[in-house]
Structures are given as C-alpha cells and as structure tokens.
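Student: I have a protein model open and would like to learn how to read it. Could we go through it together?

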Amino acid sequence: MLNCERTSVMNIENAIRGARNPMNSWNRMDSEYNEEGEYILGPNDLGLAKRLRKAGGDHRKYIRQILVSVDITAPLYWWKEYDTYKVATVANSTSTMHKIHSKSFELEDFSHDRMTEGTLAFMETVVAELEKIRLRYIETKKKEDWYDLIQLLPSSYNQMRTCTLNYETLINIYFARRSHKLEEWHALCRWIETLPYAKELIIGEEE
C-alpha cells in the first residue's frame, strides 16, 4: 500500500527563467499563470524545456529547481528502499519511537493487501498482541514493554512522511523503479505521471 496526498509542485517559473540564462533568451519567455494559479508553459518555453531534458543531465540543470512536496504513506519495508534516494530529498516522518503507543493498533495500520488468507489471520493475532502490549505500557511505562512494541512491530507498519524532491530525482526514481516487483513503486510511478509536465520533463516521451 502506498498513498500520495497533498502534492505541491513549485518553482517552475524560476526554473524555466534559469534555463534561459545561458543564452540570455528571456525575451522569448511565453509562459503565464492561469486563473487557478498554475504556471502554464508556452510553446517557446516548453520547447526549450523538452530540448534540454533530452540533452541529458549536464544541460537540464533547471529540472533540479522544480520542487515537489508530498505526503507519502507507505510501509516501513518500502521506506527502507526509498532511503536509497537521500540525495536531493528531505523527509520528515511521523515518529515511531515517540508516538508508537499514542493510538490503538488496528489491522489498517499495516499494509496487508497482498497477504494470503492464512497469513492475514496470523497478522490479526500480531496486531492484537501489539495492542495488548501497548495498553500494558500505557499503564506501567516499563521500558521492556516499549521495547516489545518496537521490536515486534512488523515492517508492514505504515508510516507517513512529508517528502521534498525535485524533478531530476523523480526521473531517477521513475526509470529505476517502474518495473520493480513491489507494487508500492508502481503506485509511486503512477503518481509521478500525474505531475505537471511529467510526460515532457520527467518521462521524456516523444510526441
């Protein structure tokens, strides 16, 4: 399970203006904001952006200036793989260490959409045991109960992080992970495809 919420794409205007700096071609800028406050690339700017995207990393530095903020909820086993992309990313997560005991454990707190029937039944017993330990910890505040929670917690536990990335990082993620065996990566790639000008600037599709 992976869910992307509260997506914001920022700084496209400044990135495109910067892309024109090497040739001093600012007079050819033809983009503008629409009534919804979205920055719409004109034919000149979009054409330049696509040519630089196609020319490779040395020429598409402007893409690193297009920023994306998003809240991603995903299981711990996926976050472990996501941490490969620490370059040009920032993430603030909900705290497992400090807040693990603050709410009751429920099956929906865990990714279980691919579990077989027998494993799902066993998972329900694990969740029930975690809740029993949690209630005991709230009552006693014993450190051994807290450690039981932390060390028993399955890697399918869902955590939410607010992530900041740029379009260059998203290019790397998209092409490295679009065929990955984890469905969570496919879900993230589908989200990437919905971003403004993703087809032209991230995926690099030809018309």
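**Charged pairs and nonpolar cores**

Tutor: Let's start with one residue: aspartate 145 is buried, its relative accessible area being 6%. Buried means under 20% relative accessible area, exposed over 50%, and partly exposed in between (1.4 Å probe, protein chains only). Keep in mind that this is a predicted model, where local features need pLDDT of at least 70, side-chain atom pairs count only at pLDDT 80 or more, and totals for chains, interfaces and linings use all residues. Residues are numbered from 1 along each chain as its sequence is written, and side-chain values use heavy atoms, with hydrogens and water left out.

Student: Which residue does aspartate 145 meet in a salt bridge?

Tutor: A salt bridge is a side-chain nitrogen of Lys or Arg within 4 Å of a carboxyl oxygen of Asp or Glu. Here the partner of aspartate 145 is arginine 136, at 3.0 Å from N to O. Arginine 136 is partly exposed, with a relative accessible area of 34%.

Student: How many salt bridges are there by this rule?

Tutor: The count comes to 13 salt bridges. Some share partners, and in this way Asp113, Arg114, Glu183 and Arg190 are joined into one network.

Student: What parts of the chain does the salt bridge between aspartate 83 and arginine 161 tie together?

Tutor: Helices (H or I, at least four residues) and strands (E, at least two) are DSSP runs, numbered from the N terminus. Aspartate 83 lies in the loop between α3 (76–82) and β5 (90–93), while arginine 161 is in strand β6 (residues 158–166), so the pair connects parts that are 78 residues apart in sequence. Their closest N and O atoms are 3.2 Å apart. Aspartate 83 is partly exposed at 28% relative accessible area, whereas arginine 161, at 14%, counts as buried.

Student: And how do I read a nonpolar core?

Tutor: In soluble globular proteins, nonpolar side chains tend to be buried together. A nonpolar core is a set of buried Ala, Val, Leu, Ile, Met, Phe, Trp, Tyr and Cys residues joined through side-chain atoms within 4.5 Å. The largest one here has 43 residues, and those with the most contacts inside it include Tyr62, Trp78 and Tyr167.

Student: Which element gives the most to this core?

Tutor: That is α8, with six residues. There is also a second, separate core of 14 residues, among them Phe105, Ile133, Trp146 and Leu153.
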